[in-house]
Amino acid sequence: MTIDPETLRQIEELSRDERPLLVLDVDDVLLHFVRPFPRYLESRGYRLRLDSFRLHGNVFEIETGTEAGREQVSELIDTFFRLQTDWQELVEGAAESVAAIARDAEVVLLTAMPHRHRDTRRIHLDQLGLRYPLLTTEMEKGPAIRRLRGDSGRPVAFVDDMPRNLASAREAVADAHLFHLMADTTLRAMLPMPPEGTAVVEDWPDAGGRIAAALGI
């Protein structure tokens with residue numbers, strides 16, 4: 001497993017911290033994605049039909065019913081992230097729950113998105129009061145979590161909505177405490193099962209105390 005070189009550079013800029021570590025995904029963990037994305041597409045003349053948990057192949061032109069090509073869908077996603085401050089709102093209970101954990105733990109945000117959108121996301125998160133270090137990655141998340149932990153063996157918890165990211169974390173940090181949280185749980189049935197031992201949580205009021213207990217704080 002190889003770490004994204006740009007993600008590594010971002011990690012090396014962080015101050016050293018030996019407290020328990022909480023790593024958080026952003027989309028559909030801290031900021032809504034599934035809820036606003038269909039509305040964004042409609043504003044662009046497209047409709048999302050979620051027959052499977054993927055975007056490519058599920059976006060269609062409203063006027064013609066024609067399936068949007070891969071390049072067009074990628075462009076729509078890219079524009080959404082460029083305009084995320086207009087569309088993405090805080091997930092209910094996230095700010096309060098994370099703030100309580102952050103009193104006794106290091107909190108780092110790890111988002112899978114093109115590095116070029118990092119500054120936009122940084123500004124948006126700051127506006128929402130989520131002023132925790134932000135890392136972007138275009139590769140697997142596991143190696144970044146392993147590097148963040150360092151050699152101290154400190155407790156690690158990782159929260160994500162995508163089972164593949166949780167599996168990457170399990171492979172890289174075998175004793176990490178994994179939490180599967182989806183801001184919109186209506187699509188959970190379309191996903192594969194998360195790795196064995198993952199705690200499936202319904203929302204932040206459910207997750208906050210369980211994360212704190214896992215980290216021993």
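Trainee: Which exposed residues does the face of H9 turned away from its buried side carry?

Mentor: In this predicted model, helix H9 covers residues 204-215, and one of its faces is turned away from the buried side. The exposed residues carried on that face are Pro205 and Ala213.

Trainee: How wide an arc do the buried residues of H9 cover around the axis?

Mentor: The buried residues of this helix are Trp204, Ala207, Gly208, Ile211, Ala212 and Leu215, and they pack against S1, H5, S6, S7 and S8. An α-helix has 3.6 residues a turn, so residues three or four places apart point the same way. The buried residues of H9 lie on the same side of the helix because the arc they cover is only 125°.

Trainee: How far apart are the end C-alpha atoms of H9, and what span should its 12 residues have?

Mentor: The expected span rests on 1.5 Å a residue, counted over one less than the number of residues. For the 12 residues of H9 this gives 16 Å, which agrees with the distance between the end C-alpha atoms, also 16 Å.

Trainee: Which element gives the largest share of the largest nonpolar core?

Mentor: In soluble globular proteins, nonpolar side chains tend to be buried together. Here the largest nonpolar core has 27 residues, and Leu22, Trp204 and Ile211 are among those with the most contacts inside it. Two or more residues come from each of S1, H5, S4, S6, S7, S8 and H9. The largest share, four residues, is given by H9.

Trainee: In what order do the six strands of the open sheet stand?

Mentor: Strands of a sheet pair through backbone hydrogen bonds, either parallel or antiparallel. In this sheet the pairing is parallel, and the edge strands, each pairing on one side only, are S5 (134-137) and S8 (199-201). Neighbouring strands are turned by 25° against each other on average, direction ignored. The order is S5-S4-S1-S6-S7-S8.

Trainee: Which residue of S7 stands opposite Ala157?

Mentor: Strand S6 (residues 156-160) and strand S7 (residues 177-181) run parallel and are joined by four bridges. Helix H8 lies across S6 and S7, at about 175° to S7. The residue of S7 that stands opposite Ala157 is His177.

Trainee: Is Ser168 buried or exposed?

Mentor: Ser168 is found in helix H8, which covers residues 163-172. Leaving aside residues up to four places away in sequence, Ser168 touches Met1, Glu140, Lys141, Gly142 and Pro143. A residue under 20% relative accessible area counts as buried, and because Ser168 has a relative accessibility of 4%, Ser168 is buried.

Terms used
Residues numbered from 1 in each chain as written. Predicted model: local features only at pLDDT ≥ 70, side-chain atom pairs only at ≥ 80, totals over all residues. Heavy atoms only, no water. Buried < 20%, exposed > 50% of the residue type's maximum accessible area, 1.4 Å probe, protein only. Contact = heavy atoms within 4.5 Å. Pairing = 2+ DSSP bridges. Axes fitted to C-alpha atoms, helices over the stretch in contact; angles between N-to-C directions. Core = buried A, V, L, I, M, F, W, Y, C linked by side-chain atoms within 4.5 Å. Arc of directions from axis to C-beta.
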